[in-house]
Amino acid sequence: QVQLVESGGGLVQAGGSLRLSCAASGRTFSTYAMGWFRQAPGKEREFVAAISWSTGSTNYADSVKGRFTISRDTAKNTVYLQMNSLRPEDTAVYYCAAEPMITARAMANSRGNGMDHWGKGTLVTVSL
C-alpha cells in the first residue's frame, strides 16, 4: 500500500522560502510520476509541479516557474519542492500525489483527476 507523507509546511513572509518533502513508501516507484498539487481556501485544486521518478524530467505550472523546483532522492524515496520567492497567493494546502505509468507532463495535464495516491497535505501560509 502506497503511503505519502508530506512535511515542511508553515508560515513564512512574502519573499521567503520553504522546502516541502514527500516521503513515499509501500512500492517501488521506478515507473511513477510524483507531483505536488495545491488547494487554496475557496478555490479548486491546481497543479504545481511533477517529476518522473525514473528520468527526473519535470513539469511546472506557469505560476511557479522560476520560483519552485521539484526534485527527488531515489535512495530516500522522497520528493522535494523547494519554494523560493513565495507570494501570498501561494498560500494553500499542498498535496503530494503519485501515479504509476504516466509522465510528469501527463500528471500536469490531469489536474489531479484520477491520481491513485495522495498524501494528507501540508499547509503553507505566506504573509505580507
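**Stop 1: the hairpin of E7 and E8**

Start by selecting strands E7 (68–73) and E8 (78–83); helices (H or I, at least four residues) and strands (E, at least two) are DSSP runs, numbered from the N terminus. In the hairpin they make, 4 residues sit between the strands, and Asn-77 takes a positive phi near 50°. This is a predicted model, in which local features need pLDDT of at least 70 and side-chain atom pairs count only at pLDDT 80 or more, while totals for chains, interfaces and linings use all residues. Residues are numbered from 1 along each chain as its sequence is written, and side-chain values use heavy atoms, with hydrogens and water left out.

The two strands pair in the antiparallel sense over 6 bridges; strands count as paired if DSSP finds at least two bridges between them. To find one of these bridges, click on Asp-73 and look across to its partner in E8, Thr-78.

Now go back to Asn-77, in the loop between E7 and E8. Its phi is positive although the residue is something other than glycine. With a relative accessible area of 24%, Asn-77 is partly exposed; buried means under 20% relative accessible area, exposed over 50%, and partly exposed in between (1.4 Å probe, protein chains only).

**Stop 2: another positive phi**

Select Arg-111, in the loop between H1 and strand E10 (117–118). Here too the residue is not a glycine, yet phi is positive, at about 60°. Arg-111 counts as exposed, at 62% relative accessibility. Add Arg-45 to the selection: the C-alpha atoms of the two residues are separated by 7.6 Å, although their positions lie 66 residues apart along the chain.

**Stop 3: the largest nonpolar core**

Next, show the side chains of Met-34, Trp-36, Leu-81, Met-83 and Tyr-94, the residues with the most contacts inside the largest nonpolar core, which has 40 residues. Such a core is a set of buried Ala, Val, Leu, Ile, Met, Phe, Trp, Tyr and Cys residues joined through side-chain atoms within 4.5 Å. Among the elements that give two or more residues to this core are strand E4 (32–39), strand E9 (92–100) and helix H1 (104–110). In soluble globular proteins, nonpolar side chains tend to be buried together.

**Stop 4: an aromatic cluster**

Select Phe-29, Tyr-32 and Trp-53, which ring pairs link into a cluster. Rings of Phe, Tyr and Trp (its six-membered ring) pair if their centres lie within 6.5 Å; planes under 30 degrees apart count as stacked, over 60 as edge-to-face and the rest as tilted. The count by this rule comes to 4 aromatic pairs.

Zoom in on Phe-29 and Trp-53: their ring centres are 5.8 Å apart and their planes stand at 50°, so this pair is tilted. Phe-29 lies in the loop between E3 and E4 and Trp-53 in the loop between E5 and strand E6 (58–60), so the pair ties together parts that are 24 residues apart in sequence. Phe-29 is buried at 2% relative accessibility, and Trp-53 is buried at 6%.

**Stop 5: a salt-bridge network**

Pick out Arg-38, Glu-46, Arg-67 and Asp-90, which are linked in a network of salt bridges. A salt bridge is a side-chain nitrogen of Lys or Arg within 4 Å of a carboxyl oxygen of Asp or Glu, and the whole structure has 4 of them.

Begin at Arg-38 in strand E4, a residue that is buried at 5% relative accessibility. Its salt bridge with Glu-46 has the closest N and O atoms 2.6 Å apart; Glu-46 is partly exposed, at 34%. Arg-38 also forms a salt bridge with Asp-90, at 2.9 Å between the closest N and O atoms. Arg-38 lies in strand E4 and Asp-90 in the loop between E8 and E9, so this pair ties together parts that are 52 residues apart in sequence.

Asp-90 has a relative accessible area of 0% and meets Arg-67 in a salt bridge as well (2.8 Å, N to O). Arg-67 is buried too, at 8%.

Keep Arg-38 on screen and add Tyr-94: their side chains are joined by a polar contact of 2.9 Å. A polar contact is a pair of N or O atoms within 3.5 Å; within protein, one must be able to donate a hydrogen and the other to accept it, and residues adjacent in sequence count only if both atoms are side-chain atoms.

**Stop 6: Glu-99**

Finish in strand E9 by selecting Glu-99. What is the nearest side chain of opposite charge to Glu-99? Arg-27, 9.4 Å away; Glu-99 is buried yet has no salt bridge. For charge, Lys and Arg count as positive and Asp and Glu as negative, while His and the chain ends are not counted. Display the backbone of Asp-116 too: the side chain of Glu-99 reaches its nitrogen at 2.6 Å.
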